[in-house]
Amino acid sequence: MKIYLASPFFNEEELKNVEVAEKILFDRGFDVFSPRLNEVRSEENIGSPLWSKETFMNDRRFIDWADAVVMLYYGNYSDSGTAWECGYAYGTNTPVVVVHLGKDSNLMIHEGCHSNITLEELKTYDFDKMPYTPYEGKMF
């Protein structure tokens, strides 16, 4: 199983959670692409037009490669890049498993995914059967 791990990693909490999710998925034997671990190294500086284009194309290529996308989602706060990755996966019929780390959810996220789970549930989620799990928390 090839998994693309979509997650922001811009602050201490996000870094901690994406590292935990990476470890869970790697320990389960999955082939995992995490943008945090695969940042594009460009001859130009981070933030340059070339770096931007290469990063976008690389991430899109690995979403296309994946059998499933796991998205770490912080509720009302949502990183726009992570939300785009989730929407692109949905649009290409790649199942998205959303790991809820916030206190609420935007309907476009939880309705546009295959399953809604916690970080703890990621340890045992059945990626072979991909059971549907609806979101049951506060939504908007």
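**Exercise 1. Aromatic pairs**

At 4% relative accessibility, does Phe-33 count as buried or exposed? Classify its ring pair as well.

*Solution.* The model is predicted, so local features need pLDDT of at least 70 and side-chain atom pairs count only at pLDDT 80 or more, while totals for chains, interfaces and linings use all residues. Residues are numbered from 1 along each chain as its sequence is written, and side-chain values use heavy atoms, with hydrogens and water left out.

Step 1. The accessibility classes are buried (under 20% relative accessible area), exposed (over 50%) and partly exposed (in between), for a 1.4 Å probe and protein chains only. Phe-33, at 4% relative accessibility, therefore counts as buried. Phe-62, at 18%, also counts as buried.

Step 2. Rings of Phe, Tyr and Trp (its six-membered ring) pair if their centres lie within 6.5 Å; planes under 30 degrees apart count as stacked, over 60 as edge-to-face and the rest as tilted. The structure holds eight aromatic pairs. In the pair of Phe-33 and Phe-62 the ring centres are 4.0 Å apart and the planes stand at 5°, so the pair is stacked.

Step 3. Helices (H or I, at least four residues) and strands (E, at least two) are DSSP runs, numbered from the N terminus. Because Phe-33 belongs to strand β2 (residues 31–33) and Phe-62 to helix α2 (residues 49–65), the pair ties together parts that are 29 residues apart in sequence.

Step 4. Tyr-125 and Phe-127 form an edge-to-face pair, with 4.9 Å centre to centre and 80° between the planes. Tyr-125 is buried at 6% relative accessibility, and Phe-127 is buried at 3%.

Step 5. Ring pairs also link Tyr-4, Phe-33, Phe-62 and Trp-65 into a cluster.

**Exercise 2. Nonpolar cores**

Determine which elements give two or more residues to the largest nonpolar core, and describe the surroundings of Val-97 and Met-71.

*Solution.* Step 1. A nonpolar core is a set of buried Ala, Val, Leu, Ile, Met, Phe, Trp, Tyr and Cys residues joined through side-chain atoms within 4.5 Å. In soluble globular proteins, nonpolar side chains tend to be buried together.

Step 2. The largest core has 19 residues, and those with the most contacts inside it are Leu-5, Leu-25, Val-70, Val-97, Val-99, Leu-122 and Phe-127. Two or more residues come from each of β1 (2–6), α1 (12–27), β3 (68–73), β4 (96–100) and α5 (119–122). The element that gives the most is α1, with four residues.

Step 3. Contact means heavy atoms within 4.5 Å. Leaving aside neighbours within four places in sequence, Val-97 is in contact with Val-69, Val-70, Met-71, Ser-115, Ile-117, Tyr-125, Phe-127 and Met-130. Apart from the largest core lies another core of 15 residues, among them Tyr-4, Ala-6, Ala-66 and Cys-86.

Step 4. Met-71 has its place in strand β3 and, at 0% relative accessibility, counts as buried. Its C-alpha atom is separated by 4.8 Å from that of Val-98, 27 residues apart along the chain. Beyond four places in sequence, the contacts of Met-71 include Ala-6, Cys-86, Val-97 and Ile-109.

**Exercise 3. The largest pocket**

Which element gives the most residues to the lining of the largest pocket?

*Solution.* Step 1. On a 1 Å grid over the protein atoms alone, a pocket is an open set of points where a 1.4 Å probe fits, with protein on both sides within 12 Å along at least five of seven lines; lining residues have an atom within 4 Å of a point.

Step 2. The largest pocket has a volume of about 460 Å³, a volume being the space filled by probe spheres set on the grid points, which are joined across faces, edges and corners.

Step 3. Of the 20 lining residues, the closest to the pocket centre are Phe-9, Pro-35, Thr-55, Asp-59 and Glu-85. Two or more residues come from each of α2 and α3 (80–91), and α2 gives the most, with six.

Step 4. The lining divides into nine nonpolar, six polar and five charged residues. Here Ala, Val, Leu, Ile, Met, Phe, Trp, Tyr, Cys and Pro count as nonpolar, Asp, Glu, Lys and Arg as charged, and the others, Gly among them, as polar.

**Exercise 4. Positive phi**

Compare the settings of Asn-93 and Met-130.

*Solution.* Step 1. Asn-93 has a positive phi of about 65° although it is not a glycine. Asn-93 lies in the loop between α3 and β4 and counts as exposed at 72% relative accessibility.

Step 2. Met-130, likewise not a glycine, has a positive phi near 50°. Met-130 lies in the loop between α5 and β7 (138–139) and is buried, with a relative accessible area of 13%.
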